[in-house]
Every structure is written in structure tokens, then in C-alpha cells.
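Trainee: Could you take me on a close look at one part of this model, the loop with the unusual peptide bonds, and then connect it to what lies around it? I'd like one joined-up account rather than a list.

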Amino acid sequence: MRIPNFQMERMQSTWENLVEFDMSESGVRPMTLRGLVEMGLGLDNALDMPLGYSQSNGTLPLRERLAAIYPGSTVDHIEVTNGTSEANYLVALSLLEPGDEMAMEIPNYMQLWGVPQSLQASVRTFRLRPECNWEPDWDEFERAVNPRTRLLYLSNPNNPSGAVLSDEAMRRIVRRCEETNTTLLADEVYLGAELEGERTKSFWGMSEKVVVTSGLSKAYGIPGVRIGWMIGPRSLVATCWSQHDYLTIGPNKLSDMVARVAVAPANREKLYARTRAILSDNLPIIAGWAAGFGDLLEFNQPRAGAMTLVRYRSSIPSIDLCERIRTEQSTLVVPGSHVGLEGYLRIWYGGRPEYITEGLRRIGVVLRGVRST
Ligand SMILES: Cc1ncc(COP(=O)(O)O)c(C=O)c1O
């Protein structure tokens, strides 16, 4: 099996714990166990809990709480996984065969760029257009999603642009999937991380062709427990569960317990509110910083998520620019080319204000030495 490097994750795994400032993150600063205890996590019970295997597709109480979030679903529509990434992986493993085609929007989280290639499927892309509020280029979309397409992957809210699809765009995407008999994999891990305005609508329930993935890592602010889930047609979820048996069997028991607390309705709202407060407090810091560069930088206001895309007007490739920022300033930033969009930097703003301020200052030192074109 030949699998291309997942460039962004590889760069992060290599450097994130070695640099002084990691500005390559994409979630808000994480919750602590103490914070979760304050929300009802019974740590004392955990001390006596036998650390055996957990229910491999997620405990019934957890799947019941998740089912309550997605109207019309039951526990059999849901599978709990080790992070959203495992849910995405299982869907691709279950659906794609050698010679199949899949489609994905660009820019994006590039997991489902590499995985299909390892399954000998080919990937067709279509662009989200910054000049049109990051709506898809519909001509490219219709070429990419065609009767040969087995699977379409998108992230909404989108990583890295922070854009949210309009209702009309969502309907158009679903219509096309139905016409072409394509399964839509909607990764909604940033749903709930909106800065303001209404909550992002879920694709769940729009069609039998939809499978949604999500997890605790972003909007909930709890990436370290590695809990994600998928919600989709029963038969697809059943196949994914079979794949899961071969892969990791199931998520760990302590994490399932944490997840039951996090997704309880009142706690979910509290966690979303915490995320929103962190993002709203920090956005002016990064917006103000970008404005200080005049024409060199173009700031892109996200609607959701803890990262922004900043376009820079210089011919230096984004990988080279980020390499300079890392080596000269011990600061890690995601180059646009790692998310499918050259000429941009993806910069995190979900941390403590003083951390973000210093990380940005360091990025700025290198940017000021870059010649504008
Ligand atoms: C769109 C998207 N999906 C999935 C993931 C991975 O999520 P998890 O940590 O839940 O596996 C990320 C991480 O950045 C992401 O941005």
C-alpha cells in the first residue's frame, strides 16, 4: 500500500512539541479534567472502574446522548470512534475500492486526500472561492461530483477558511449527491465553534446519502480524549463497525465516560459558549495584527473555528515562508500548500491572548523581511 505523507499532520507531529510557539493548532485551548469535573464528571467513580474494554461502537448511554443531538436518529445510526479522523477513515475504508473516484473541496483538512489514494481510488477536487464567500466553484463541483463518484468529502464549517456554507449551497450539494448516487461525508467537527450568528446547520437528515462525522476535538475543546463519531445510514454504520473491529476495536473506556459528560445538553452548550468566548476575545488580536501589514497581508474573517487564513502578497512559497518562521522564530505555522491553497498561511488564534500575541509578533518579524510583490 502506498500512502502519501499527510504533510500538515507530519509537520505538526514533528515540530509542535519542540517549538516555543505552536501557532499551527486548529482548536481552542483545551479543557482540563478539573473543568469537566465541575461539569459533573465523577472522577471518584472512575477510580474504582475496572479498566476493561468498553462497548466497541460506543456505550449505549453515549450513543443515546448523541442520537438526541441528531433528530430522527437512533443508537444504530451512530458509531463512536477514536477521534473524528478515525470516523472519516472508516467511512473511506468502507466505501472505496480500487479504481473508484472520490471528490473533495479545496482548501480542506487533507486526510481524505491521502486515504483514498492508499485504497487505490482517485481524488478529484473543486475549489472554494474566497471572492464568493468561499462557496464552491459550481462548474468544478459538477465536474468533480459525477455519476462515477462514490464519495464526496467536505468540512463545514470549513478547515481552514472558517467559512460556513449557505443553506442554498447545502441543498445544491445534496441534490447533486442524490442525482449521482454519491455518498456525502460531511465533517462537522467545527459545528458549534461559530464566532457569532446562528449555529451551523447539520447535513444530517437532508438525505439518505449523508453521513456526518464529528467529535470532541474542536468545538468542545477536548481533543486529548480522542472521541469522535459518525452518524449515517444504518447499513454503512454497520460496515464501519466491522472495519473498526480490525482497526482499533473501539474507543477507550475513560474517554467514553468523559464524552458522556461533554455531550449532555447543558454541558454541550457550556462548552460551545466557552469556545465562542475564547474566539471572540482573540479575533481582534489577530485582525489588528494583520491590519498592521498594510497591503502585504489580506485577512480573512472566519465565521467559525480557531484558525484564520491570511493571504500574503509575495512570491515566496508558503512552505519556505513557514520554514523560515520555524527556524528563525521557533514558531510553527501551517503553510497554505498543506491545506490546498498556496500563497496563504493558516494561523491559530484559539490560545491564551498573551500566547497568541507573542506568536503573532514572531511571525511578523519574518513577514516584515519578506518582499511584497
Ligand atoms: C476538519 C477536520 N476533521 C477532523 C480532524 C481530526 O479530528 P480529531 O482530532 O477529532 O480526530 C481535524 C483536525 O484538525 C479537522 O480539522
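Mentor: Happy to. Pro 157 sits in the loop that links strand 6 to helix 8 (167-180). Please keep in mind that this is a predicted model, and that the angles and distances below are computed from it.

The bond to look at is the one joining Asn 156 and Pro 157, which is cis, with omega at about -10 degrees. Further along, Pro 160 is found in the loop between strand 6 and helix 8 as well. The peptide bond from Asn 159 to Pro 160 is also cis, and its omega is near 20 degrees. As background for both, most residues other than glycine have a negative phi, and most peptide bonds are trans. Trp 134 is worth a glance in the light of that, since its phi is near 65 degrees, a positive value in a residue other than glycine. You will find Trp 134 in the loop between strand 4 and strand 5.

Asn 159 takes us to the ligand. There are 14 residues around the ligand, and Asn 159 is listed among the closest, together with Thr 84, Ser 85, Asp 187 and Ser 217. For Ser 217, an N or O atom of the side chain is 2.8 Å from an oxygen atom of the ligand. Lys 218 places a polar side-chain atom 3.0 Å from an oxygen atom of the ligand, and for Ser 26 the corresponding distance is 3.4 Å. On its own the ligand exposes 400 Å², of which the protein buries 94%.

Now for the sheet that strand 6 belongs to. Eight strands make up this open sheet, in the order 2-9-8-7-6-3-4-5 and with mixed pairing. Strand 2 (78-81) and strand 5 (135-136) are at the edges; each has a single partner strand, so one side of each has no neighbour in the sheet. Within the sheet, strand 8 (residues 210-215) and strand 9 (residues 228-231) run antiparallel and are joined by four bridges. Thr 213 has Met 230 in strand 9 as its bridge partner.

Helix 6 (residues 111-118) lies across strand 3 (101-106), strand 4 (122-129), strand 6 (149-155) and strand 7 (183-187), and it runs at about 165 degrees to strand 4. Helix 6 also has helix 5 (residues 83-95) for company: their axes come within 10 Å and cross at roughly 35 degrees. The crossing is right-handed. On the helix 5 side the contact involves Ser 85, Asn 88, Tyr 89 and Ala 92, which meet Gln 111, Leu 112, Val 115 and Ser 118 in helix 6. Ser 85 therefore brings us back to the ligand, as one of the closest residues to it.

Lastly, a look at the other sheet. This one is open too, with four strands in the order 10-11-14-13 and antiparallel pairing. Strand 10 (297-299) and strand 13 (334-335) stand at its edges, each with a single partner strand, so one side of each is left without a neighbour in the sheet. Strand 13 is joined to strand 14 (residues 344-348) by two bridges, with Val 334 opposite Arg 346 in strand 14. Helix 13 (residues 353-368) packs on this sheet, touching strand 10 and strand 14, and its direction makes about 160 degrees with that of strand 14.

How values were computed. Residues numbered from 1 in each chain as written. Predicted model: local features only at pLDDT ≥ 70, side-chain atom pairs only at ≥ 80, totals over all residues. Heavy atoms only, no water. Pairing = 2+ DSSP bridges. Contact = heavy atoms within 4.5 Å. Axes fitted to C-alpha atoms, helices over the stretch in contact; angles between N-to-C directions. Near = heavy atom within 4 Å. Polar contact = N/O pair within 3.5 Å; in protein donor to acceptor, adjacent residues only side chain to side chain. Areas by Shrake-Rupley, 256 points an atom, 1.4 Å probe, with all protein chains shown as cover. Left-handed = near helix turned anticlockwise from the far one by under 90°.
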